[in-house]
Amino acid sequence: MLETKNLYFRYRDEDLETGEVEYDEILHGINLNIKKGSFTAVLGHNGSGKSTLAKHFNAILLPSGGKVYVKGMDTADERNLFGIRSTAGMVFQNPDNQLVAAIVEDEAAFAPENLGVEPKEIRRRVDECLGIVGMTEFAHSEPSKLSGGQKQRVAIASVLTMEPECIILDEPTAMLDPKGREEVMRTIQKLNREKGMTVVLITHYMDEAASADRVIVIDNGSIVLDDVPKKVFAQVDRLRELGLDTPQVTELAHMLRHDGFDLPGDILSVDEAAEKLMELFGKMRK
Amino acid sequence: MIKAEHVNYIYQPGMAGERQALFDISMEIADGTLNALIGHTGSGKSTLIQHFNALVRPTSGRIFIDGTDVTDKKTDLREVRRRVGLVFQYPEHQLFEETVEKDIAFGPRNLGLTDEEIKERVHAASAAVGLKEKYLSRSPFELSGGQKRRAAIAGVLAMNPEVLILDEPTAGLDPRGRDAILDIIKQLHAQNPRMIIIFVSHSMEDVAKTAEYVYVMNRGRLAIRGTTAEVFAEGGELVKMGLNVPQVTLLVNRLIEAGIPLPRDVYTVKYAVKEIERLLR
Amino acid sequence: MFKDIIIGQYVPGKSVLHRLDPKIKIILTLAYIIMLFMLKSPLAYAAFAAATAALIALSCINLRFFLKGLRPMLFIIVFTAVINLFFTPGEALASAHVFRWTISVTKEGVRMAAVMFYRLVLLVTGTSLLTLTTSPLMLTDGIEKLLSPLTIVRVPAHEIAMMMTIAIRFIPTLAEETDKIQKAQTARGADFSSKNLIKRIKAMIPLLVPLFVSAFRRADELATAMDARCYNGGSRRTRLHESHIGKADILYASVYIAVCISVLALNAV
């Protein structure tokens with residue numbers, strides 16, 4: 001679905017006084033292949049290059065070296081622009097700064113209007129997509145009266161109306177409160193599981209990455225870890241080095257293991273941790 | 001000491017948007033304490049902290065800062081605002097000067113201090129937030145997100161407040177940036193034995209790691225208060241209010257229900273490990 | 001405050017006026033204003049006021065919203081009336097001596113004052129009828145459609161409408177932000193209420209700079225988000241709400257024009 005081949009990206013930085021030109025390299029040779037229908041989380045601290053990578057999938061940024069393909073379309077070819085953007089829809093971090101229209105329903109209609117879709121078909125898509133994100137009852141509301149989580153769901157709906165096969169979310173929950181985060185995460189999971197949509201979630205929240213089926217960790221413009229969540233999170237010390245958190249229960253299991261107790265290193269959820277600890281207490285009683 | 005007596009606040013009284021935001025808040029916060037204020041969005045946290053430095057006046061009730069009634073019309077509000085420093089959410093959005101130094105100096109300058117004193121304050125404040133000297137001559141808009149936030153916090157610290165209030169100081173930061181800010185808070189607490197620090201947070205993990213006392217707001221009322229251990233021992237109540245409880249607290253509660261005799265007030269990973277190992281050995 | 005002037009106006013409803021096509025409403029409002037300045041005879045004035053009252057009734061909007069719209073204009077209306085009252089030359093009705101000047105109220109002055117008062121009040125009421133019954137979005141849509149023939153002479157009709165939409169969308173956001181920055185700077189000892197004008201203007205800098213910085217950042221992010229959704233200007237664009245002039249619109253416009261002609265006929269009497 002999404003593919004990068006030896007992707008490099010650098011900013012040209014010219015010192016106006018000395019005339020010296022420096023290149024600030026953000027991405028160094030990224031090779032990736034994201035499968036149709038998968039849910040991939042891309043982790044990394046701020047400045048690791050994760051958002052820069054995301055913007056390449058939508059042709060907002062173009063490679064300085066290497067290639068990016070969206071469903072086989074080369075992002076460097078301008079003729080593919082609308083095809084790429086309507087195949088891989090993009091949702092951004094700040095819910096306030098990505099909504100254009102003064103009414104929710106018009107927001108959802110914005111993209112298909114741009115694509116010249118028939119009014120009747122726009123109507124159908126708007127109704128369907130607002131339903132998917134659970135915002136139907138707010139169709140006639142003003143975005144400024146909504147909560148952060150609701151605004152972000154409208155932003156998702158406004159991308160869904162292009163009927164993309166893939167959705168890329170660049171830190172969609174970074175500015176939300178816990179309730180908003182949960183709303184957005186539930187929506188994302190629903191899109192992936194029920195609608196079979198390919199999801200790429202850029203985030204620095206570990207608990208969000210835990211619901212993905214693949215986790216890619218980026219540091220300093222390169223991929224440093226790429227595996228299923230359990231395998232990635234088990235590397236507690238490595239993640240801390242990379243400036244990332246691990247779920248508290250994973251950390252707890254890690255510390256107990258370190259002290260010689262027999263626990264699996266890849267515990268991610270409270271349920272799992274409780275179950276394994278109970279087994280441990282049970283064994284001890286015997 | 002901060003003391004609130006029966007504070008009620010009605011937003012836009014008599015208008016279409018009338019809504020009571022605070023109901024009968026009474027509380028006392030002692031000098032030298034590090035406090036967290038938690039609650040869901042719209043619970044009244046932000047409204048309450050704006051009462052402490054008289055940016056918002058209560059509809060009824062009184063608030064005292066060290067005995068001075070800040071709700072009294074005769075009280076000098078500028079003096080109140082000097083004593084009670086308030087760092088807003090995303091404070092980097094209020095930076096405006098040409099250089100970081102000038103921006104931090106904005107508060108002290110408004111106090112009418114001499115250039116010498118201002119300089120001293122700026123340097124002390126930037127040291128307190130770990131902002132390197134070389135950044136002082138730069139434009140605030142050139143700094144990274146985390147550095148901008150430090151500069152903005154320094155701008156409030158430079159007023160030499162007796163009370164420091166931070167509204168969601170870690171919002172939008174990555175784990176590294178978040179830990180850096182929490183460390184600054186802990187250090188300020190350690191180095192200023194009389195300063196009251198209050199921070200608002202959505203992250204229970206941050207609160208557990210940092211605060212000594214926790215105040216929980218729910219629908220405009222002060223629902224729970226106590227030491228961090230006491231408040232997290234009420235895990236069930238917190239969940240009912242739509243708040244997240246640290247994962248370890250959930251885990252420990254689960255184990256207690258299953259009959260493992262762990263203490264209820266476990267809220268950090270280290271403490272949990274210690275208690276679990278004690279039982280297992 | 002600014003927010004109330006632009007978007008606090010619309011009162012949602014289902015009346016005949018609410019459902020009319022915005023293009024028709026804009027054109028007829030223009031006709032209304034032109035009519036207002038063509039009236040001469042008292043009979044025509046009375047008939048026109050009666051027609052306006054009928055429109056208000058037809059809009060099913062509480063009279064107090066119209067009065068609210070008049071309130072900010074009150075000073076200008078009274079001021080204009082008073083100027084006309086005292087400074088229209090003609091046959092003096094009464095005069096008074098103040099220091100060395102003679103101030104007199106003339107017959108023509110009274111007439112002019114009454115006419116100006118009448119015109120301004122109806123002008124505000126007539127335009128309120130448009131803004132109270134038409135949502136800002138319908139309004140921008142109507143303006144875009146009406147301007148669209150002018151694209152031939154390079155009037156950027158779509159861009160004008162897009163700018164208006166974005167402005168409407170961002171006014172509440174920026175109003176909230178202004179409030180927040182103002183509070184944050186007040187907390188750092190800024191004084192926005194100084195009586196000294198120069199100090200007050202200077203105090204605006206810590207408010208305006210962050211506001212502009214934020215507006216530019218928002219504009220930049222919004223532009224990217226629009227690009228990502230294939231925005232490409234007005235060409236080839238379709239609309240969710242295609243407005244069509246229907247039978248009701250034509251009927252309403254015909255009645256409206258008939259009333260206008262009748263009033264003009266009274267004008268000649």
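# A tour of chains A, B and C

In chain A, among contacts with a separation of 6 or more, 63% link residues 24 or more positions apart; two residues are in contact if their C-beta atoms, placed from the backbone, lie within 7 Å. Before you go on, note that this is a predicted model, in which local features need pLDDT of at least 70, side-chain atom pairs count only at pLDDT 80 or more, and totals for chains, interfaces and linings use all residues. Residues are numbered from 1 along each chain as its sequence is written, while chains are lettered from A and ligands numbered from 1 in the order in which they are written.

**Stop 1: chain A**

Select chain A and colour by secondary structure: you should find 11 helices and 10 strands. Here helices (H or I, at least four residues) and strands (E, at least two) are DSSP runs, numbered from the N terminus. Turn the chain around, and its C-alpha trace spans about 70 × 55 × 35 Å along the principal axes. The radius of gyration of chain A is 21 Å, which agrees with the value near 19 Å for a compact globule of 286 residues; the radius is taken over C-alpha atoms, and the globule rule is 2.2 Å times the number of residues to the power 0.38. Buried residues make up 51% of the 286 residues, where buried means that 20 or more other C-beta atoms, placed from the backbone, lie within 10 Å of the residue's own.

**Stop 2: a strand trio in chain B**

Next, select residues 34–38 and 213–218 of chain B, which are β3(B) and β9(B): they run parallel, joined by four bridges. Strands pair if DSSP finds at least two bridges between them. Click on Leu37(B), and its bridge partner in β9(B) is Tyr215(B).

Now add residues 221–227, strand β10(B), which pairs with β9(B) in the antiparallel sense over six bridges. There, Tyr213(B) has Thr227(B) as its bridge partner. The hairpin of β9(B) and β10(B) has two residues between the strands, and Arg219(B) takes a positive phi near 45°.

**Stop 3: chain C and its contact with chain A**

Select residues 1–134 + 247–269 of chain C for domain 1, then 158–237 for domain 2; the bounds come from an automatic or database domain assignment. Their C-alpha centres lie 34 Å apart.

Finally, show chains A and C together: 26 residues of chain C are in contact with 35 residues of chain A. Which helix of chain C gives the most to this side? That is α11(C), with eight residues.

Methods. A residue is buried if 20 or more other C-beta atoms lie within 10 Å of its own, exposed if 12 or fewer, and partly exposed in between; C-beta atoms are placed from the backbone.
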